[in-house]
Amino acid sequence: MKIDSITLKGVGNLNEDALIINEATSLFGVADGVSSLIPFQTKENLTGGYIASNEVQAYFESLSPGSDLIDDLATINERIKIKMSDYRIDLQRKEELWGTALAVVKVLENGIEFIQIGDCMILAVYQAGEVRSLTHLQVDHLESAAMKKWKEGISKGITTRNQLMNEVKDLLVSNRKKSNSHNGYGVLNGEPEAVNYFEYGKINKVGLNQLIILTDGMFLPQEMVPKGLSYWSYIAEVILDKGMKQYAKNLIEVEETDPECMKYPRFKKSDDKAGVVIHF
């Protein structure tokens with residue numbers, strides 16, 4: 001088993017994505033921190049998203065063999081709640097909460113256990129070339145509406161990212177307030193309801209060549225995927241062809257050519273990035 005991984009800061013001051021690499025327990029993954037709508041920083045200039053994703057990293061990388069992934073996420077969620085309480089965050093106000101999405105796999109002798117919450121993805125790649133998505137983008141139904149409005153702004157003649165953000169800001173704020181709710185999405189932000197939004201399971205390893213685990217900053221713009229091809233299959237193919245580091249480098253080069261987020265519509269020029277490829 002060989003591990004390739006990368007994490008890179010986007011346009012923010014801190015990299016709120018984190019890698020999870022625990023070779024002693026064969027546990028690997030990524031976390032994507034989510035900062036609060038109301039700005040928050042510690043005296044050390046750490047954001048809530050950074051604290052949350054690094055809490056995930058510290059927890060999983062200190063684990064001993066034998067843990068249960070569902071219990072692990074419930075424990076992390078409680079730890080994030082305690083952290084927020086320590087910083088006097090009002091836990092009843094969703095706009096003050098910070099947290100993290102994540103995707104983690106545990107490699108066993110007879111299979112792969114996985115767990116996810118939020119918008120991180122796990123792809124299984126088989127010897128015959130089949131790409132199997134083990135997870136679902138829990139925010140897709142919300143972000144698609146905001147992205148539709150973003151594209152409408154471009155069609156109306158808006159030419160800067162800041163102006164486009166003004167068009168969708170209220171919708172993005174509304175979406176964030178739907179955390180861990182029936183018509184919303186799952187996120188580890190201290191809310192007890194988060195445990196209802198874990199996606200988890202187990203697959204066997206027959207014919208399995210690679211597992212690819214990504215935060216959303218590693219996703220290609222939809223416009224870069226050739227028409228008629230599966231989005232996730234194409235991403236997996238490009239990552240395995242180029243390698244994780246070259247893939248990320250090329251993606252950043254594309255983002256740099258479109259700072260106003262118009263040719264490749266997205267909400268920020270360059271998001272934080274984290275990715276892991278496990279080769280069997």
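Contact here means heavy atoms within 4.5 Å. Helices (H or I, at least four residues) and strands (E, at least two) are DSSP runs, numbered from the N terminus. The structure is a predicted model, in which local features need pLDDT of at least 70, side-chain atom pairs count only at pLDDT 80 or more, and totals for chains, interfaces and linings use all residues. Residues are numbered from 1 along each chain as its sequence is written, and side-chain values use heavy atoms, with hydrogens and water left out.

A convenient place to start is helix H6. What covers the buried residues of H6 includes strand S1 (2-8), strand S9 (208-214), helix H5 (231-242) and strand S10 (273-279). Buried means under 20% relative accessible area, exposed over 50%, and partly exposed in between (1.4 Å probe, protein chains only). By that criterion, the buried residues of H6 are Met244, Tyr247, Ala248, Asn250, Leu251, Val254 and Glu255. Viewed down the axis of H6, these residues fall within an arc of 165°, so they line one face of the helix; the arc is that of the directions from the helix axis to the C-beta atoms. An α-helix has 3.6 residues a turn, so residues three or four places apart point the same way. H6 itself covers residues 244-256, 13 in number, and reaches 18 Å from its first C-alpha to its last, close to the 18 Å expected at 1.5 Å a residue. The expected span of a helix is 1.5 Å times one less than its number of residues.

The partnership of H6 with H5 can be followed in some detail. The axes of these two helices come within 6 Å and cross at roughly 115°, where axes are lines fitted to C-alpha atoms, for helices over the stretch in contact, and angles run from 0 to 180 degrees between N-to-C directions. On the H5 side, Ile235, Val238, Ile239 and Lys242 take part, meeting Met244, Gln246, Tyr247 and Asn250 of H6. By class, this contact has five nonpolar, two polar and one charged residues. Ala, Val, Leu, Ile, Met, Phe, Trp, Tyr, Cys and Pro count as nonpolar, Asp, Glu, Lys and Arg as charged, and the others, Gly among them, as polar.

Just beyond H6 in the tour is Ser270, found in the loop between H6 and S10. Ser270 is buried, with a relative accessible area of 8%. Leaving aside its neighbours within four places in sequence, Ser270 contacts Gly10, Val11, Ile252 and Glu255.

Helix H2 (residues 69-86) tells a comparable story of its own. Its 18 residues should span 26 Å at 1.5 Å a residue, and its end C-alpha atoms are indeed 26 Å apart. Leu69, Asp72, Leu73, Ile76, Asn77, Ile80 and Met84 are buried in H2. Down the helix axis, these buried residues fall within an arc of 135°, so they line one face of H2. Their cover includes strand S3 (27-34), helix H1 (48-61), S4 and strand S5 (111-117).

Strand S4 (residues 99-108) holds Lys106, which is buried at a relative accessible area of 7%. Not counting residues up to four places away in sequence, Lys106 touches Thr25, Ser26, Leu27, Ser67, Asp68, Leu69, Gly111, Ile112 and Glu113. The C-alpha atoms of Lys106 and Ala24 are separated by 11 Å, although the two residues lie 82 residues apart along the chain.

Several loop residues complete the picture. Glu16, in the loop between S1 and strand S2 (17-22), counts as buried at 14% relative accessibility. With residues up to four places away in sequence left out, Glu16 touches Ala31, Asp32, Gly33, Ser35, Thr47, Gly49, Tyr50, Ser53 and Asp272. Asn45 lies in the loop between S3 and H1 and has a phi near 70°, a positive value in a residue other than glycine; at 47% relative accessibility, Asn45 counts as partly exposed. Asn180, in the loop between helix H4 (161-176) and strand S8 (199-203), also has a positive phi, near 50°, but counts as buried at 6% relative accessibility. Gly207 sits in the loop between S8 and S9 and is partly exposed, with a relative accessible area of 22%. Val125, Tyr126 and Gln127 are touched by Gly207, not counting residues up to four places away in sequence.
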